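Reader: I would like to understand how descriptive words are justified by values computed from atoms. Could we go through one example together?

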Amino acid sequence: MALAEDKVREALKEVIDPELYVNIVDLGLVYLVDIGEPNDEGKHDVTVEMTMTSPMCPAGPQLVAGCKNAAESLDEVQTCEVKVVMDPPWSPDKMTDEARDHLGIF
């Protein structure tokens with residue numbers, strides 16, 4: 001069975017922003033999950049494009065490493081490349097309702 005984007009995004013929810021205590025998916029930091037074709041062993045290379053809440057986010061390296069580790073923890077993933085992008089810039093309107101509720105943003 002092919003690896004689904006939803007499964008990767010669910011794994012990425014394990015990565016919690018250490019300043020906001022909300023996962024990177026609900027914060028709207030994950031812009032793209034691209035799943036490559038399976039190799040001979042049925043494993044996929046995955047590319048994730050994500051952003052930070054600000055260009056100088058001190059948690060950036062921790063979030064990138066967490067994203068890579070979470071994706072690569074899936075049996076179907078061979079490797080994960082994480083690209084940090086700043087366009088479009090992140091804004092609070094990218095958050096899920098659950099993240100807004102957690103942070104008290106209405």
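Reader: What percentage of the 106 residues in the protein chain do buried residues make up?

Author: In this predicted model, buried residues make up 38% of the 106 residues.

Reader: What makes Cys57 a buried residue?

Author: The word buried is used for a relative accessible area under 20%, and Cys57 has a value of 9%, so Cys57 is called buried. Cys67 has a relative accessible area of 0%, and is therefore buried by that cut-off as well.

Reader: How do you know that Cys57 has no bond to the sulfur of Cys67?

Author: A disulfide requires two cysteine sulfur atoms within 2.5 Å, whereas the sulfur of Cys57 lies 13 Å from its closest cysteine sulfur, that of Cys67, which is too far for a bond. Cys67 is in no disulfide either, since its nearest cysteine sulfur, in Cys80, is 5.2 Å away. The count of disulfides accordingly comes to 0.

Reader: Why does the radius of gyration of the protein chain agree with that of a compact globule?

Author: For 106 residues, a compact globule would have a radius of gyration near 13 Å, and the protein chain has 14 Å, so the two values agree. Taken along the principal axes, the C-alpha atoms fill a box of roughly 45 × 25 × 20 Å.

Reader: What pattern does the protein chain follow along the sequence?

Author: The protein chain contains 3 helices and 3 strands, and reading along the sequence gives the pattern α-β-β-α-β-α.

Definitions and conventions: Residues numbered from 1 in each chain as written. Predicted model: local features only at pLDDT ≥ 70, side-chain atom pairs only at ≥ 80, totals over all residues. Heavy atoms only, no water. Buried < 20%, exposed > 50% of the residue type's maximum accessible area, 1.4 Å probe, protein only. Helix = DSSP H or I, 4+ residues; strand = E, 2+ residues; numbered from the N terminus. Rg over C-alpha atoms; globule rule 2.2 N^0.38 Å.
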